[in-house]
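Welcome! Take a moment to look over the sequence and the model, and then we will walk through some of the details together.

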Amino acid sequence: MARAQSKVGLGYALVVGGACFFIVNAGVSRVVMRAGIDPALLTTLRTTGAAVLFVAFALVADRSALRVPRGRELAMLLLLGIVGVAGVQWTYNIAIDRIPVGMALLLEYLAPVLVVLWARFVQKQDVRRTMWLAIALTLVGLALVAQIAQGLAFDGVGMLAGLGAAVCFAVYFLVGEQGVREADPVRVMVWAFTFAALAMNVVAPVWTTPDLSAPANLLGALGAYEVPLWLALAWVVVLGTLTPFFMELSALQHLPATVVTMVATLEPVGAAALGWAWFGESLDAVQMLGGLLVVSGIALAQLSRSASPSVVPEVAG
C-alpha cells in the first residue's frame, strides 16, 4: 500500500513539475519574441529543435520508434503534428505576445470543453449533465475576464489566437484518443514533432533566423537583466518542451490520463500568477472571479465524459 501511494505521489509531483515548466515557458517565449523572433519562427525553432532531440533520444533508447508510419497511422500523425502540435504552438505564441499570459492559457484550456461538445454532438457519446454547467461556467467566466460588457479588455487578434489554440488543442486531444491510443508515446511524439517541424519550416524556415548571439532583455520585473537570445531559445526547446513532456509522460505511468490532464489545468492559474509577478499584468476582482469560473468549468468538463480525454502527454504550453 505504501509503495502504491508513493507511486501516486510521484505521479502528482511529475505532472505538477511539468505544468510549472510549461508556465515558465510562457514568460521565456515572450522574451524570445520581444527580442525579434516572430511567433511563426519561434514555433519553427521550437518544433525543429524538439524533433531533433526526440529523434536523438529514440536512436539511443528505442529505434523502433523511428519506423516510418504508413496508412491510417500516417494520416493521424500528420494531423496530430500539423494541427495538434504546430497549430497549437503557433496560435499560442501569437496569443502570449499580444495578451496577458494568464488569459492566453485560459483560452487555450477551453479545449476540454470543446472536446466534450464534440463527444456529445458529433460522436453521440453519453456525457454527464454537468457538461452544461461546465459550459456555463466557462462562458460566464470568459465574459467577466474579457469584460465583454465594457467592450473587449484585450487585443482582439490575441483573443482570436487564444481561441484558435483551444481548437487546435482539442484536435490534439481527439486525435490522441481516437488515432494513437495504442501507439508508443515516444513514437507518437517523434513523428508528431517531425511533421510539425516540416510544416513550420514551410511557413518560416529556420534559415531566416536572425543573429542568436544578440541580447534578449528579460522584461518586466527582470528588465534590468539580459541573456543571449540563443540561451532563452534553448530554454524554450529543452526546459519548455522536452523536460515537461518527459515529466508528464512519466506521470502517465503512475496516474490515469484524466487525472494528469486535470492537474495540468493548474497552468492557467500559474500563468496568471507569473504574468503578475514577472510582467506586472493584473486582473481586477471581477476578472479574477471570471478566471476561477473558467478553471472550474474546465475541470468540470474533464469529469463530464465517461472516457479518458487522451493518453498522449500535453505538449502545448
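Is Thr-47 buried or exposed? At 0% relative accessibility, Thr-47 counts as buried, because anything under 20% falls in that class. Keep in mind as we go that this is a predicted model. You will find Thr-47 in helix 2, which covers residues 39-61. Its side chain reaches the backbone oxygen of Thr-43 at 2.8 Å. If we set aside the neighbours within four places in sequence, Thr-47 is in contact with Val-85, Gln-89, Phe-193, Ala-196, Ala-197 and Met-200.

One of those contacts, Phe-193, takes us on to the aromatic rings. There are ten aromatic pairs in the model. In one of them, the ring centres of Phe-54 and Phe-193 are 5.0 Å apart and the planes meet at 50 degrees, so this pair is tilted. Phe-54 belongs to helix 2 and Phe-193 to helix 8, with their positions 139 residues apart, so to speak: the pair links distant parts of the chain. Both rings are hidden away: Phe-54 is buried at 3% relative accessibility, and Phe-193 is buried at 0%. Phe-54 and Phe-193 also belong to one aromatic cluster, together with Phe-57, Phe-245 and Phe-246.

Another aromatic pair joins Phe-121 and Trp-132. Their ring centres lie 6.0 Å apart with the planes at 65 degrees, so the pair is edge-to-face. Here Phe-121 sits in helix 5 and Trp-132 in helix 6, eleven residues apart. Phe-121 is partly exposed, at 41% relative accessibility, and Trp-132 is partly exposed too, at 47%. The ring of Phe-121 has a charged companion as well: Arg-120 lies over its face, at 5.1 Å from the ring centre.

Between helix 5 (111-121) and helix 6 (130-146) there is a loop, and Lys-124 lies in it. Lys-124 has a positive phi of about 60 degrees, although it is not a glycine. With a relative accessibility of 61%, Lys-124 counts as exposed. Leu-219 has a positive phi too, near 65 degrees, and is likewise a residue other than glycine. Look for Leu-219 in the loop between strand 1 (215-217) and strand 2 (226-228). Its setting is another matter: at 19% relative accessibility, Leu-219 counts as buried.

Now let us turn to charges. Side chains of opposite charge can pair when their charged atoms come close. How many salt bridges does the structure hold? The count is four, and we can visit some of them in turn.

Let us begin with Glu-281 and Arg-30, which form a salt bridge whose closest N and O atoms are 2.6 Å apart. Glu-281 is in the loop between helix 11 (266-279) and helix 12 (285-302), while Arg-30 is in helix 1 (residues 2-34), so far along the chain that 251 residues separate them. Glu-281 is buried, at 17% relative accessibility, and Arg-30 is buried as well, at 5%. Arg-30 also lies over the face of Phe-279, at 4.6 Å from the ring centre.

Helix 1 takes part in another salt bridge, in which the side chains of Asp-97 and Arg-34 meet at 3.1 Å, N to O. Asp-97 is in helix 3 (residues 71-98) and Arg-34 in helix 1, 63 residues apart. Asp-97 is partly exposed at 24% relative accessibility, and Arg-34 is partly exposed at 48%.

Helix 3 also supplies Glu-73, whose partner is Arg-187 in helix 8 (residues 185-203), 114 residues apart. The closest N and O atoms of this salt bridge are 2.9 Å apart. Arg-187 is buried, with a relative accessible area of 4%, whereas Glu-73 counts as partly exposed at 25%.

Our last stop is helix 12. What does the helix look like at its start? A side-chain oxygen of Asp-284 reaches to within 3.1 Å of the backbone nitrogen of Val-286. Helix 12 has 18 residues and spans 26 Å from its first C-alpha to its last, close to the 26 Å expected at 1.5 Å a residue. Its buried residues include Gln-287, Gly-290, Gly-291, Val-294 and Val-295.

Conventions: Residues numbered from 1 in each chain as written. Predicted model: local features only at pLDDT ≥ 70, side-chain atom pairs only at ≥ 80, totals over all residues. Heavy atoms only, no water. Helix = DSSP H or I, 4+ residues; strand = E, 2+ residues; numbered from the N terminus. Buried < 20%, exposed > 50% of the residue type's maximum accessible area, 1.4 Å probe, protein only. Polar contact = N/O pair within 3.5 Å; in protein donor to acceptor, adjacent residues only side chain to side chain. Contact = heavy atoms within 4.5 Å. Expected span 1.5 Å × (residues − 1). Phe/Tyr/Trp six-rings, centres within 6.5 Å; stacked < 30°, edge-to-face > 60°. Lys NZ or Arg CZ within 6 Å of the ring centre and 35° of its normal.
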